[in-house]
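Reader: I have the structure open beside me and would like to go through it with you. Could we begin with how the parts meet?

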Amino acid sequence: MNYPYNRITVKIGSNVLTRKDGTLDVTRMSALVDQVAELHKAGVEVVLVSSGAVASGRSEIKVSRKLDSVDQRQLYSAVGQAKLINRYYELFREHGIAVGQVLTTKESFGTRRHYLNQRHCMQVMLENGVIPIVNENDTISVTELMFTDNDELSGLVASMLDAQALIILSNIDGIYNGSPSEPGTSVIREVEQGKDLSDYIQAEKSGFGRGGMLTKTTIARKVADEGITVIIANGKRDNILTDLLEHPADTVCTRFVPASEAVSSVKKWIAHSEGFAKGELHLNAQAVEALKGKKAISILPVGVTRIEGDFEKDDIVRIMDAGGNQIGVGRIGASSEEARKMQGEHGQRPLVHYDYLYLD
Ligand SMILES: Nc1ncnc2c1ncn2[C@@H]1O[C@H](COP(=O)(O)OP(=O)(O)O)[C@@H](O)[C@H]1O
Ligand SMILES: N[C@@H](CCC(=O)OP(=O)(O)O)C(=O)O
């Protein structure tokens, strides 16, 4: 079988791997592993981002006292991740495929050096026929600097590894044009670039999920803007992965149409680095208008009205409009001290070069 992609990222949500009673659904896991193995054998490089650590740990131990949310996350994930990766290891071994565990944190992507380090780790695994199985290291990711959920992590991984597609498997067939439980609503099959979906997404999430459909949509859009096809589909359906790749037209899912232009590696990193911003550049209305135009434009000091924070050259900063709304992120070409000296002046070098600028 010839598949349309050479490299894909597949995110398996907590709900796909968990039964109603909170135990690990090994039958479902096994079915998904069979499909990934089929793709792998056909030459498709697959990176798995798998949730399920907390859910599988929860059913494993009885606690002696009431635990707060951090205690629960740390305890259950420590126990559950070992169980999860052990299952994957055994299931893939039946197909003669080696897997490797990558446990990561948001901070591990913070600087360009860290980011390239993470990329190298997964690249060397793929080069050697090993399937990376990625999850957030929930035992230590408990501060505000954690991923919103594994959808965010999977978007970062797909972007970092230049995957051609990101397939997000949840317990629902795709994004519905209303509340999924309401009669008369149906799955939106294709999302064009720039289409606003905010009216359709409910804040609700499923039993064991963390982020809900809102983060999936935000991430899907960002990743599709980088030229990567994003598919949201139901991981509980039999043969979903192979069906999506073999019979895309007949398989229910939501597909985000990717941008046709490729995005540079540095821009991709910046696009996913918002959480690490060290400061803010506030721009005047003319500068914002120029940035929103068709031409690629750098941010010059003359358009900057205010600078917030203490940062070094090459740190990430938020780009804000005159109303204080964030319009993007960029890598700054000067320290906060130097930038403040240049602020508002004509004829100075750019503060953020367009190669290092990502607009929302
Ligand atoms: N418009 C919508 N279409 C589909 N699902 C939606 C929509 N709005 C909210 N949801 C909810 O999002 C849930 C999926 O997100 P989530 O619970 O985070 O799953 P996962 O654990 O797979 O990441 C669905 O089960 C559904 O309850
Ligand atoms: N790292 C967590 C994943 C939690 C999470 O974000 O789940 P999901 O709702 O599937 O995106 C775990 O393995 O339990």
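Reader: How many residues of domain 1 are in contact with domain 2, and how many of domain 2 take part?

Author: In this predicted model, nine residues on the domain 1 side are in contact with six on the domain 2 side. For orientation, domain 1 runs over 7–266 and domain 2 over 273–359, and their centres, taken over C-alpha atoms, are separated by 33 Å.

Reader: And how much area do domain 1 and domain 2 bury between them?

Author: The two domains bury about 610 Å² between them, and carbon and sulfur atoms account for 65% of that area. On the domain 1 side, G110, K222 and V266 supply 50% of the area buried against domain 2, which is more than any other three residues supply.

Reader: What about salt bridges across the interface of domain 1 and domain 2, how many does the rule find?

Author: The rule finds zero salt bridges across that interface, and the count of residue pairs in polar contact between the two domains, with both residues at pLDDT 80 or more, is also zero. By class, the side of domain 1 that touches domain 2 nevertheless has four charged residues, together with three nonpolar and two polar ones.

Reader: OK, so how many salt bridges does the structure hold?

Author: The structure holds 17 salt bridges, and one of them pairs D238 with R28, where the closest N and O atoms are 3.3 Å apart. This pair links distant parts of the chain, 210 residues apart, since D238 sits in the loop between β7 (229–234) and α8 (240–246) while R28 belongs to helix α2 (residues 26–41).

Reader: Switching topic: which residues does the UniProt annotation "binding site" cover?

Author: The unreviewed UniProt entry gives that annotation to S51, D138 and N150. Although they span 100 residues in sequence, no two of their C-alpha atoms are more than 10.9 Å apart, so they gather at one spot.

Reader: Where does S51 lie?

Author: S51 is in the loop between β2 (45–50) and α3 (53–58).

Reader: Last one, where does UniProt place the feature "domain: PUA", and what is the chain like over those residues?

Author: According to the unreviewed UniProt entry, that feature is at residues 279–357. Over residues 279–357 the chain is 28% strand and 19% helix, and the C-alpha atoms at the two ends of the stretch are 14 Å apart.

Technical notes. Residues numbered from 1 in each chain as written. Chains lettered and ligands numbered in written order. Predicted model: local features only at pLDDT ≥ 70, side-chain atom pairs only at ≥ 80, totals over all residues. Heavy atoms only, no water. Domains from an automatic or database assignment. Contact = heavy atoms within 4.5 Å. Buried area = accessible area lost by both parts, 1.4 Å probe. Salt bridge = Lys/Arg side-chain N within 4 Å of Asp/Glu carboxyl O. Polar contact = N/O pair within 3.5 Å; in protein donor to acceptor, adjacent residues only side chain to side chain. Nonpolar A, V, L, I, M, F, W, Y, C, P; charged D, E, K, R; others polar. UniProt positions renumbered as here; feature names shortened; annotations may be inferred. Helix = DSSP H or I, 4+ residues; strand = E, 2+ residues; numbered from the N terminus.
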